[in-house]
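Reader: I'm new to reading protein models and I get lost when I try to take in everything at once. Could you pick one part, look at it closely with me, and then show me how the rest fits around it?

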Amino acid sequence: MKLTELTLTQLRDGLRQGSITSVEATQAMLARIVDVDNDIRSYLTITDEMALEQAASADARRAQGEDTPLLGVPIAVKDIIATQGVPTTAGSKILDGFIPPYDAFVVDQLKAAGAVILGKTNTDEFAMGSSTENSAFVTTSNPWDTERVPGGSSGGSAAAVAARLAFAALGTDTGGSVRQPASFCGVVGLRPTYGRMSRWGVVAFASSLDQVGPFGRTVADCTALFQATAGYDRRDSTSLDVPVPDFEAVLTGDIRGLRVGVPKEYFISGIEPEVEAAVRAAIAQMEQLGAEIVEISLPHTRYALPVYYLIAPAEASANLARYDGIRYGPRVDGENMIESVKRTRSLFGPEVKRRIMLGTYALSTGYYDEYYGRALKVRTLIKQDFVEAFKQVDIIATPTSPTTAFKIGDRADDPLGMYLADIFTLSLNLSAGCGLSLPCGFDSQGLPIGLQLIGDTLQEAKILNAAHAYEQSTAWHQQLPLTGAS
Amino acid sequence: MSLTLADVEKIADLARLELTDEEKSQYRKQLSAILDYAAVLDELDLTDVVPTAHAVTRRNIMREDVMEPSLPIEDVLHNAPQEAQDQFLIQAVLD
């Protein structure tokens, strides 16, 4: 088997046994990136020199008897997460050339765990999008069909993991931006409970919804990266000061007696029949494995999309006020200060401007109660739906997205159509739970289908183990896209 | 909900965005459509429903009031479009 086809856990075993060095694994990945990433365009920046230094250092440390959780494992990081000395653009021209003076907490954690950082992956501008087409720099292709989108906004990270251009990757999930691209690219992506991951050093989009999340080719790989990056950080006042369990130890594969809720509101018209069939088959498979299937209701599901598209833009309009060309980023001069700020802000792309406009309106005098205020109240009802559901069940199973990956350009001029790609993932961000997506089949065009498992607050262990149990009883995760196969 | 061009111009000014005529006309249509979509929330009775601003609420997160190292000036100014005398340089804001 080629080095680049190893899973993260297989690589880690090889590094521990001494049959592989980190320099070999890193060189193999960097070579494959050169060969293949012209077609996929998953990376915005490749930090090859730094990666090889980190790899050599990891090998030296291992030779001294050290062993940290990701020692020598090459990882990719979404370009919305600050990396000291390495450009961080958030996919926006307004941060073109920005070089962060410090690392995000999760990058600190990666480095402390001994990981090798291969580079920064493409994203929709400020994580606003579902296809990476809103990146100001490049559109990433889906490794399963390069004419299709990889999903978004963490499409670069999902595509890099699917195409074996990184052993795992970090993304962020504000409305589904880890789970939806994981579904489109046939990999595993986790959105942890809000507060489980520090947002320190993560470019802010919607602060009450943003959360960092890991991608892996398998549930075990995703769990290993999650384990290494989760944890309390006092610099993020919304970070939860709670113990991080040993998640890798809970992957027993035993789900006998687990109560799995299936919400009827998630099987609606508009869902592709092949997606529904694959998800229903996966739920039946979990029943075979000993889970108890319970039909449940999340009655306010249909309101999640409008609520999200009022709250997220409102928060974004406030967060993005900081881009004024004064302290960082390019500046476009005008006749006076205000004109300069306005011209500089013309560097935002169309979707970002659209959301700033929408958010500004929803917060403006006379409309606050009607839009933002109302949305916050409905958010309470959506959150309450989950509280009620988790009185009956341990986890919830749904499709991740109503469709498989769509063609590049298909929804580019249709904001509402694009927003619908996240219709099954948004509710979670508005509530206090956690969720993941994992492969559960392919449609007739060979495109991956994702199963979403949702857990209660801080119950990542339950969804990870359920996902692991299902995955180990199937072979979906063993199928690889043909990208660059030669 | 149908926004007028004047509405769009007012919002753009509040948000400090300079829009082309084409953008104004496009956003007028698109934002109106999105706000129409949001009107579905009107069908809910929200009397007595408390708003949720955050998924997981923590209150009064404090730390000891002690000095901690901050970034060196050169790191802080490294990304500045213009700087002078260890400060960010901007256009005059007062005549």
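Author: Let's start with one strand and then work outwards to the core, a helix, the salt bridges and the contact between the chains. One thing to keep in mind all the way through is that this is a predicted model.

Our strand is strand 11 of chain A, residues 448–455. Is it covered or open? Mostly covered, as it turns out: eight of its eight residues are buried. Now look at which way the residues point. A:Pro448, A:Gly450, A:Gln452 and A:Ile454 go one way, while A:Ile449, A:Leu451, A:Leu453 and A:Gly455 go the other way. Why the back-and-forth? In a regular strand the side chains alternate between the two faces of the sheet. Here, both sets are buried.

Next, who sits beside this strand? Strand 9 of chain A, residues 395–399, pairs with strand 11 of chain A in the antiparallel sense, over five bridges. If you want a spot to zoom in on, try A:Ala397, whose bridge partner in strand 11 is A:Leu453. Strand 10 of chain A, residues 434–442, is joined to strand 11 by eight bridges, and these two run antiparallel as well. A:Gly435 is bridged to A:Ile454 in strand 11. Strands 10 and 11 of chain A also make a hairpin, with five residues between them. In that turn you'll find A:Gly446, with a positive phi of about 80°.

Two residues of our strand lead straight into the core. A:Leu451 and A:Leu453 are among the five residues that touch the most other members of the largest nonpolar core, along with A:Ile81, A:Phe126 and A:Met286. That core has 164 residues. Take A:Phe126 and see what surrounds it: leaving out residues up to four places away in sequence, its contacts include A:Ile80, A:Ile94, A:Val203, A:Phe205, A:Leu320, A:Tyr323 and A:Phe348. There is also a second, separate core of six residues, and A:Val149, A:Phe184, A:Ala405 and A:Phe406 are part of it.

Now for a helix. Helix 1 of chain A covers residues 8–17, and its buried residues are A:Leu8, A:Thr9, A:Leu11, A:Arg12, A:Gly14 and A:Leu15. Do you see the spacing? An α-helix has 3.6 residues a turn, so residues three or four places apart point the same way. What lies over the buried residues of helix 1 includes helix 2, helix 3, strand 2, strand 4 and helix 7 of chain A. Just after helix 1 of chain A comes A:Gly18, with a positive phi near 85°.

Further along chain A is A:His468, in helix 15, residues 460–472. It counts as buried because its relative accessibility is 14%, and the cut-off for buried is under 20%. A:His468 and A:Val219 are 249 residues apart in sequence, yet their C-alpha atoms are 5.6 Å apart in space. Setting aside neighbours within four places in sequence, A:His468 touches A:Val219, A:Leu251, A:Thr252 and A:Gly253.

What about charges? Over all chains, the count is 31 salt bridges. In one of them, A:Glu66 meets A:Arg61, with the closest N and O atoms 2.9 Å apart. A:Glu66 is partly exposed, at 34% relative accessibility, and A:Arg61 is partly exposed too, at 24%. Another salt bridge links A:Arg235 to A:Asp233, at 3.2 Å from N to O. There the arginine, A:Arg235, is partly exposed at 37%, whereas A:Asp233 is buried at 4%. A:Arg16, A:Arg62 and A:Asp67 are linked in a network of salt bridges.

Finally, let's bring in the other chain. The contact takes 69 residues from chain A and 52 residues from chain B. About 5,400 Å² is buried between the two chains, and carbon and sulfur atoms give 65% of that area. Six salt bridges cross the interface; one of them joins B:Asp42 and A:Arg374, at 3.5 Å from N to O. There are also 22 residue pairs in polar contact between chain B and chain A. Helix 2 of chain B gives the most to its side of the contact, with nine residues.

Notes. Residues are numbered from 1 along each chain as its sequence is written. Chains are lettered from A and ligands numbered from 1 in the order in which they are written. This is a predicted model: local features need pLDDT of at least 70, side-chain atom pairs count only at pLDDT 80 or more; totals for chains, interfaces and linings use all residues. Side-chain values use heavy atoms; hydrogens and water are left out. A nonpolar core is a set of buried Ala, Val, Leu, Ile, Met, Phe, Trp, Tyr and Cys residues joined through side-chain atoms within 4.5 Å. Buried means under 20% relative accessible area, exposed over 50%, partly exposed in between (1.4 Å probe, protein chains only). Contact means heavy atoms within 4.5 Å. Helices (H or I, at least four residues) and strands (E, at least two) are DSSP runs, numbered from the N terminus. Two strands pair if DSSP finds at least two bridges between them. Buried area is the accessible area (1.4 Å probe) that two parts lose on being put together, summed over both. A salt bridge is a side-chain nitrogen of Lys or Arg within 4 Å of a carboxyl oxygen of Asp or Glu. A polar contact is a pair of N or O atoms within 3.5 Å; within protein, one must be able to donate a hydrogen and the other to accept it, and residues adjacent in sequence count only if both atoms are side-chain atoms.
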